[in-house]
Amino acid sequence: MKDAGAIFRRIPIIVNALQKAFPDMKGINLLNNNGETAYQTVMHSHLHFLPRYQKEEGFGIKFENNSSQYSDEDLKNMAKKISQAIEV
């Protein structure tokens, strides 16, 4: 976790530098692909900084609310599994 903290503390520094270097940039997306199913092709941890100049650039993410497919009990069981899998 120490390494993750060091990486994430640098994100605002990098974003500020990108905003200074590219003043036409309107926003930025950070992307982490984790696993082949998520289109990870380089098998080490890294972040992509994707500068955005307009909304209609062909990049988008669609989130759907699928919670209605699960009962309250299902969701509680999933939360319990995740909690148990977290190593402190």
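**Exercise 1. Find where F59 sits, and decide whether F59 is buried, partly exposed or exposed.**

Step 1: F59 has a relative accessible area of 31%. Step 2: Compare this with the cut-offs: buried means under 20% relative accessible area, exposed over 50%, and partly exposed in between, with a 1.4 Å probe and protein chains only. So F59 is partly exposed. Step 3: Look along the chain, and you will find F59 in the loop between β2 (48-52) and α2 (72-85). Helices (H or I, at least four residues) and strands (E, at least two) are DSSP runs, numbered from the N terminus.

A word on the model: it is predicted, so local features need pLDDT of at least 70 and side-chain atom pairs count only at pLDDT 80 or more, while totals for chains, interfaces and linings use all residues. Residues are numbered from 1 along each chain as its sequence is written, and side-chain values use heavy atoms, without hydrogens and water.

**Exercise 2. Classify Y39, H44 and H48 by their accessibility.**

Step 1: Y39 is at 68% relative accessibility, so Y39 counts as exposed. Step 2: H44, at 46%, counts as partly exposed. Step 3: H48 is partly exposed too, with 30%. Step 4: Place them on the chain: Y39 is in the loop between β1 (27-31) and β2, H44 also lies in the loop between β1 and β2, and H48 belongs to strand β2. Step 5: Check the backbone of Y39, and you will meet a positive phi of about 70°, although Y39 is not a glycine.

**Exercise 3. State how far apart the C-alpha atoms are in the pairs H44 and A85, and H48 and I82.**

Step 1: H44 and A85 stand 41 residues apart in sequence, and their C-alpha atoms are 21 Å apart in space. Step 2: For H48 and I82, 34 residues apart along the chain, the C-alpha separation is 26 Å.

**Exercise 4. Sort the lining of the largest pocket into nonpolar, polar and charged residues.**

Step 1: Ala, Val, Leu, Ile, Met, Phe, Trp, Tyr, Cys and Pro count as nonpolar, Asp, Glu, Lys and Arg as charged, and the others, Gly among them, as polar. Step 2: Sorting the lining gives seven nonpolar, three polar and no charged residues. A pocket, on a 1 Å grid over the protein atoms alone, is an open set of points where a 1.4 Å probe fits, with protein on both sides within 12 Å along at least five of seven lines; lining residues have an atom within 4 Å of a point.
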